[in-house]
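Me: Please go through the assignments made in the structure below. For each one, I should like to hear the criterion on which it rests.

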There are 2 protein chains.
Amino acid sequence: MRITNVFSQISKESMEKILPCFKPYWKEYSHGETILTYGTSAPSQVEILESGKARLEILNEDGDVFLIEHLEAGDVFGEPFSLPLEKFVYTVTAEEDCRVLFMNYNHIIKPCANLCEHHSQIISNLFIMAAQKSQGLALHISLLHQSTIRNKVLSYLSYASTVCKKNADGYFTIPMSLVALAEYLSVDRSAMMREIKAMKAEGLIDGNKREFKVFESEFIGH
Amino acid sequence: MRITNVFSQISKESMEKILPCFKPYWKEYSHGETILTYGTSAPSQVEILESGKARLEILNEDGDVFLIEHLEAGDVFGEPFSLPLEKFVYTVTAEEDCRVLFMNYNHIIKPCANLCEHHSQIISNLFIMAAQKSQGLALHISLLHQSTIRNKVLSYLSYASTVCKKNADGYFTIPMSLVALAEYLSVDRSAMMREIKAMKAEGLIDGNKREFKVFESEFIGH
DNA sequence: GCTTTGTTGTTGCATAAGCAACAAAAACGC
DNA sequence: GCGTTTTTGTTGCTTATGCAACAACAAAGC
């Protein structure tokens with residue numbers, strides 16, 4: 001159900017009419033490269049990650065780096081989505097080889113002089129992608145709000161168990177390393193490992209390395 | 001620069017053509033009322049808060065309530081923006097008397113049979129509002145990622161100082177109670193008060209109650 | 001007016017979790 | 001192949017912060 005291509009539903013013939021209008025261009029980045037730093041890109045651009053994985057990080061004034069977002073195919077990013085704050089620097093870095101689409105933001109928000117017929121389809125796709133982005137951010141906030149490491153990890157695993165492919169025994173593999181998970185949940189990795197170990201001992205979860213299984217907790221209530 | 005009205009740039013005549021198309025309707029809520037709970041509203045609706053203030057909260061399985069978002073005039077919300085997770089209940093509650101616009105989401109994502117000329121303007125406005133929403137969520141995540149209460153509060157105040165009206169002496173009043181701020185930053189209120197007190201003693205900030213002034217920190221570096 | 005509710009402010013105590021430091025295994029680069 | 005880097009896994013110590021419990025004050029309701 002997830003849209004990953006802003007030009008979906010648009011025929012090749014229409015594409016040729018649209019291209020001069022939205023002035024899209026593509027660029028490839030290899031692992032480790034900086035795709036953009038907020039403030040340096042044209043503020044009237046939106047970027048779409050078409051393939052690969054990237055990460056949006058902030059650097060605060062103390063020099064601490066925090067992982068804000070994992071970006072995957074179909075994710076939109078750019079200044080219109082992250083207000084550059086004083087004292088914070090936002091950076092998007094490629095975690096794999098990436099293909100990025102740059103699009104003119106002004107054209108999206110102003111009516112099209114050519115009234116190209118698929119203008120509204122593209123904007124609609126962009127709207128959906130922006131909504132998808134909000135879903136990801138809202139999920140992240142819900143996890144960060146959990147007060148204990150245990151609840152953060154359990155909430156994440158409970159979410160992951162609905163998204164990841166499970167094998168016959170109910171085990172699934174999370175899509176990031178435990179180092180990255182600790183960053184994402186904003187907890188100390190060693191403390192998280194300790195908590196995972198404890199939860200395994202208590203029979204709440206099972207697994208090893210990135211593979212997990214969540215045992216449905218007994219009904220706790222009235 | 002912030003858009004708060006999805007029908008901005010649209011003339012009254014056009015509005016009359018559009019109305020049967022997007023099937024918008026409005027509803028008023030008074031302080032304390034529940035506007036919607038995710039899962040109960042039609043998943044193909046988007047809601048826009050036109051006036052008043054509201055809060056989006058989650059309730060986890062332990063019964064803890066967390067403030068995810070403050071909603072103000074111009075904020076979009078609804079299921080398309082917050083995936084309802086298992087074990088989490090999302091609720092939007094009016095904090096003041098509110099006026100809410102409900103709009104058909106299916107119409108936004110499908111091409112308009114009538115090809116109404118302002119269709120794309122409305123979608124474009126919605127896109128901008130969705131992007132604005134992402135900005136707010138990204139800010140919230142940046143704050144939650146700060147590892148100490150001190151950094152959370154300082155980062156928030158530093159942001160607030162760029163947004164709130166300052167008086168001649170550089171003091172500004174934050175737009176929520178300290179109770180709400182502690183919820184928003186996901187910290188214990190008493191611990192936050194302790195930290196605010198300490199920062200005042202150290203000369204980093206000044207003020208009382210909701211009024212603050214941030215002293216620019218000396219250059220710390222190389 | 002009075003009562004109730006919410007906000008600000010404070011402190012003592014217990015502990016969850018950060019930090020530092022390490023080792024083994026796996027993955028990667030060449 | 002082999003060296004380097006990353007990931008997983010572990011533990012001891014320390015402290016930031018959550019929790020509980022309180023009091024004074026302000027605001028809201030009647």
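**Criteria and assignments**

Reply: A backbone N or O atom of Val179(B) is 3.4 Å from a phosphate oxygen of DNA strand C. The model is predicted, so local features need pLDDT of at least 70 and side-chain atom pairs count only at pLDDT 80 or more, while totals for chains, interfaces and linings use all residues. Residues are numbered from 1 along each chain as its sequence is written, chains are lettered from A and ligands numbered from 1 in the order in which they are written, and side-chain values use heavy atoms, with hydrogens and water left out.

Me: Why is the pair of Val179(B) and a phosphate oxygen of DNA strand C called a polar contact?

Reply: A polar contact is a pair of N or O atoms within 3.5 Å; within protein, one must be able to donate a hydrogen and the other to accept it, and residues adjacent in sequence count only if both atoms are side-chain atoms. The distance for Val179(B) is 3.4 Å, so the pair qualifies. Backbone N or O atoms of Leu178(B), at 2.7 Å, and of Asp188(A), at 2.8 Å, also meet phosphate oxygens of DNA strand C.

Me: Which contacts of this kind involve a phosphate oxygen of DNA strand D, at Lys209(A), Arg210(A) and Ile149(B)?

Reply: Backbone N or O atoms take part at Lys209(A), with 3.1 Å, and at Ile149(B), with 3.0 Å. For Arg210(A), an N or O atom in the side chain is 3.3 Å from a phosphate oxygen of the strand.

Me: What makes a residue count as near DNA strand C, and which are the closest?

Reply: A residue is near a strand if one of its heavy atoms lies within 4 Å of it. On that basis 19 residues surround DNA strand C, the closest being Thr148(A), Ile149(A), Asp188(A), Leu178(B) and Lys197(B). Sugar and phosphate make up 54% of the strand's atoms that come within 4 Å of the protein. The largest share of this surface, five residues, comes from α6(B).

Me: How is the surface near DNA strand C divided by class?

Reply: Ala, Val, Leu, Ile, Met, Phe, Trp, Tyr, Cys and Pro count as nonpolar, Asp, Glu, Lys and Arg as charged, and the others, Gly among them, as polar. The surface therefore has six nonpolar, five polar and eight charged residues.

Me: How do you know how many residues of chain A and chain B are in contact?

Reply: Contact means heavy atoms within 4.5 Å, and 54 residues of chain A meet this with 54 residues of chain B. The buried area, which is the accessible area (1.4 Å probe) that two parts lose on being put together, summed over both, is about 4,500 Å², with 62% from carbon and sulfur atoms. On the side of chain A, Phe127(A), Ile141(A) and His145(A) lose the most area, together 17% of what that side buries.

Me: How many salt bridges does the rule find across the interface of chain A and chain B?

Reply: A salt bridge is a side-chain nitrogen of Lys or Arg within 4 Å of a carboxyl oxygen of Asp or Glu. The rule finds zero between these chains, whereas eight residue pairs are in polar contact, both residues at pLDDT 80 or more. Helices (H or I, at least four residues) and strands (E, at least two) are DSSP runs, numbered from the N terminus; α3(A) gives the most to the side of chain A that touches chain B, with 21 residues.

Me: Why are β9(A) and β11(A) said to pair?

Reply: Two strands pair if DSSP finds at least two bridges between them. Two bridges join the antiparallel strands β9(A) and β11(A), so the criterion is met. The bridge partner of Thr173(A) is Glu211(A).
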